[in-house]
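Here's a quick tour of one model, taken a piece at a time. Have a look at the fold before reading on.

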Amino acid sequence: MVVVQPANRDTGAGIYFPLIHICTRNPQATVAIYPSDHFVHPVKKFIEEMRHAAWAPERYEDKVMLLGAPPDR
């Protein structure tokens, strides 16, 4: 499914609008948001870490989780 933002309203609206749509369809959904302007290397390590992190919402219900990595340049 693609949710189209009707006009550019920057990042906040670009994240909030689809989240409201998801919440109305499945209030228990787990959502991951990845900035599109970041380069992550190695990709396999990133995918491994995201799979590991995916279990966290089940364990820590009613929490918002923020994962990050220090920039190297």
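Where is the place of alanine 29? Alanine 29 sits in the loop between α1 and α2. Keep in mind that this is a predicted model.

## The loop between α1 and α2

Let's start with alanine 29 itself. With a relative accessibility of 31%, alanine 29 counts as partly exposed, because that class runs from 20% to 50%. Its C-alpha atom is 9.6 Å from that of proline 57, and the two residues are 28 apart in sequence.

Proline 42 is another residue of the loop between α1 and α2. What kind of peptide bond joins histidine 41 and proline 42? It's a cis bond, with omega at about 0 degrees. As background, most peptide bonds are trans.

Isoleucine 33 also belongs to this loop, which runs between α1 (10-25) and α2 (43-53). At 47% relative accessibility, isoleucine 33 comes out as partly exposed.

## A nonpolar patch, and a look at glycine 14

Isoleucine 33 turns up again on the surface: together with Leu19 and Val31, Ile33 makes a nonpolar patch of about 220 Å².

Valine 31 can also be placed relative to glycine 14, a residue of helix α1. The two are 17 residues apart along the chain, and 14 Å separates their C-alpha atoms. Glycine 14 has a relative accessible area of 33%, so it's partly exposed.

## Charge pairs in α2

Side chains of opposite charge can pair when their charged atoms come close. How many salt bridges does the count come to? The answer is two.

One of them is between lysine 45 and glutamate 48, at 3.9 Å from N to O. That sits just inside the 4 Å limit, so the pair still qualifies as a salt bridge. Both residues are in helix α2, three residues apart, which is about one turn of the helix.

Lysine 45 also forms a salt bridge with glutamate 49, where the closest N and O atoms are 2.9 Å apart. Glutamate 49 and lysine 45 are four residues apart in helix α2, so about one helical turn separates them. Through shared partners, the salt bridges link Lys45, Glu48 and Glu49 into one network.

Are these residues buried or exposed? Each falls in between. Lysine 45 is partly exposed at 41% relative accessibility, glutamate 48 is partly exposed at 48%, and glutamate 49 is partly exposed at 34%.

## The largest pocket

Rolling a probe the size of a water molecule over the atoms shows where empty space is left. In this model, the largest pocket has a volume of about 2,000 Å³. Its lining is made up of 42 residues, and those nearest the centre are Ala32, Ile33, Met65, Leu66 and Leu67. So Ile33 shows up both here by the pocket centre and in the nonpolar surface patch.

Which helix gives the largest share of the lining of the largest pocket? That's α2, with five residues. At least two lining residues come from each of α1, α2 and α3 (56-59).

As for chemistry, the lining residues split into 27 nonpolar, six polar and nine charged.

Notes:
Residues numbered from 1 in each chain as written. Predicted model: local features only at pLDDT ≥ 70, side-chain atom pairs only at ≥ 80, totals over all residues. Heavy atoms only, no water. Patch = residues over 30% accessible without salt bridge, like charges linked within 9 Å, V, L, I, M, F, W, Y side chains within 5 Å. Areas by Shrake-Rupley, 256 points an atom, 1.4 Å probe, with all protein chains shown as cover. Salt bridge = Lys/Arg side-chain N within 4 Å of Asp/Glu carboxyl O. Buried < 20%, exposed > 50% of the residue type's maximum accessible area, 1.4 Å probe, protein only. 1 Å grid on protein atoms, 1.4 Å probe; cavity = no way out; pocket = protein on both sides within 12 Å on 5 of 7 lines; lining within 4 Å. Points joined across faces, edges and corners; volume = space filled by probe spheres on them. Nonpolar A, V, L, I, M, F, W, Y, C, P; charged D, E, K, R; others polar.
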